[in-house]
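Colleague: Can you pull up the model so we can go through it? I have a few questions.

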Amino acid sequence: MSYSVGQVSGFAGITVRTLHHYDKAGLLSPGDRSPAGYRLYSDADLSRLQQILFYRELGFPLDEIATILEDPQANALDHLHARHRLLNDRISKLQRLVEVAEQAMEVQRTGVALSPEERFEVFGEVTFDLTYATQAHLKWQHRESYQRSMARAAGHSKEDWAKLMAEAADWRLRLTAAFDAGEPADGERAMDLAEEHRQHIARWFTPCPTDVHGRIADGFVTDPRAFALAVPPTEQRPGLAPYLRTAVHANAVRRSPADHA
């Protein structure tokens, strides 16, 4: 059977202009003509077009497709292997671009309105895990306390963040010193440090009742990313997260039935 350019265009889902281009390039030249002189494609032509479209879908340039089709047994596999490697390289590059784009979006969700250079200068090793920040955003975005916390964070200046981080660093030094000295987690020193942490959250982000503080401390044990926001990995010790959690809960008991605000 023979098919007109319009019919083949409809079959293949490509434009008539593309078929004319393939003909002009010598890639697919129909051998038949209608009595009126119009191009007519045979079944063999359609089979060749199918191969052309397959290679085009893989990103092959037309001249390379022509080379493959001239000697498919000798060249097709080698060309496909080369294209496979190229596509994998492109996938890797695109994946990195996707990750960069995701990170850029996630950074916005941390509420920290600083440039990358300022973030590094202020935070150093203590960084927002972007996956964690995104999950927190998706989980808590409709909660008033979360929205208030993010609004407070977004309003902090570089100087505010520097002061906040210096305060946190001093607290971490005293926390690890108490832990290393063997101070009991439910002792006065550890509970005082837990209360300082609670007040730090309330001062810089959002009111932190003791029950909320307890849930935050529980997260320190179940999710290393959460604990890394309080104590960076290089300052952590085995057992420090459970130690702080115990101190937080002990402090809550100590304060009860006092004001939990």
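**Helix packing and cores**

Modeller: To start, α10 and α11 are roughly perpendicular to each other (angles of 65 to 115 degrees count as that, under 35 as roughly parallel, over 145 as roughly antiparallel, and the rest as oblique). They pack at an angle of about 105°, and their axes are 11 Å apart. Axes here are lines fitted to C-alpha atoms, for helices over the stretch in contact, and the angles run from 0 to 180 degrees between N-to-C directions.

Colleague: Which residues make the contact between α10 and α11?

Modeller: From α10 the contact uses Ala194, His197, Arg198 and Ile201, and from α11 it uses Thr210, His213, Ile216 and Phe220. Contact means heavy atoms within 4.5 Å.

Colleague: What am I looking at, an experiment or a prediction?

Modeller: This is a predicted model, in which local features need pLDDT of at least 70 and side-chain atom pairs count only at pLDDT 80 or more, while totals for chains, interfaces and linings use all residues. Residues are numbered from 1 along each chain as its sequence is written, and side-chain values use heavy atoms, with hydrogens and water left out.

Colleague: How many helices and strands does the protein chain have?

Modeller: It has 13 helices and three strands. Both are DSSP runs numbered from the N terminus: helices are H or I with at least four residues, strands are E with at least two.

Colleague: Back to α10. At what angle do the axes of α10 and α13 cross?

Modeller: The axes of α10 and α13 cross at roughly 85° and come within 8 Å. That makes α10 roughly perpendicular to α13. On the α10 side the contact includes Met191, Ala194 and Arg198, and on the α13 side it includes Tyr243, Ala247 and Asn251.

Colleague: There's His197 in α10. Is His197 buried or exposed?

Modeller: His197 has a relative accessible area of 9%, so it counts as buried. The cut-offs are under 20% relative accessible area for buried, over 50% for exposed and partly exposed in between, with a 1.4 Å probe and protein chains only. Not counting residues up to four places away in sequence, His197 touches Trp171, His213, Phe220 and Ala230.

Colleague: And what is His200 in contact with?

Modeller: Leaving aside neighbours within four places in sequence, His200 is in contact with Leu164, Glu167 and Ala168. His200 sits in helix α10, residues 188-204, and is buried at 12% relative accessible area.

Colleague: How many residues has the largest nonpolar core?

Modeller: It has 19 residues, and those with the most contacts inside it are Leu175, Phe220, Phe227, Val231, Tyr243 and Leu244. At least two residues of this core come from each of α9 (158-180), α10, α11 (210-222), α12 (224-230) and α13 (240-255). Helix α13 gives the most, with six residues. A nonpolar core is a set of buried Ala, Val, Leu, Ile, Met, Phe, Trp, Tyr and Cys residues joined through side-chain atoms within 4.5 Å.

Colleague: What does Leu175 contact?

Modeller: Outside its neighbours within four places in sequence, Leu175 is in contact with Leu193, Val231, Leu240, Tyr243 and Leu244. There is also a second, separate core of 16 residues, which includes Val8, Tyr22, Leu28 and Ile52.

Colleague: Changing topic: how many aromatic pairs are there?

Modeller: The count is five aromatic pairs. Rings of Phe, Tyr and Trp (its six-membered ring) pair if their centres lie within 6.5 Å; planes under 30 degrees apart count as stacked, over 60 as edge-to-face and the rest as tilted. Phe54 and Tyr55 have ring centres 5.1 Å apart and planes at 65°, so that pair is edge-to-face. Tyr55 and Phe60 have ring centres 5.3 Å apart and planes at 80°, so that pair is edge-to-face. Ring pairs link Phe54, Tyr55 and Phe60 into a cluster.

Colleague: Is Phe60 buried or exposed?

Modeller: Phe60 is buried, at 0% relative accessibility. Tyr55 is buried at 7%, whereas Phe54 is partly exposed at 44%.

Colleague: Last one. Where is Val221 found?

Modeller: Val221 is in helix α11, and it is partly exposed, with a relative accessible area of 33%. The C-alpha atoms of Val221 and Pro242 are separated by 5.9 Å, although the two residues are 21 apart along the chain.
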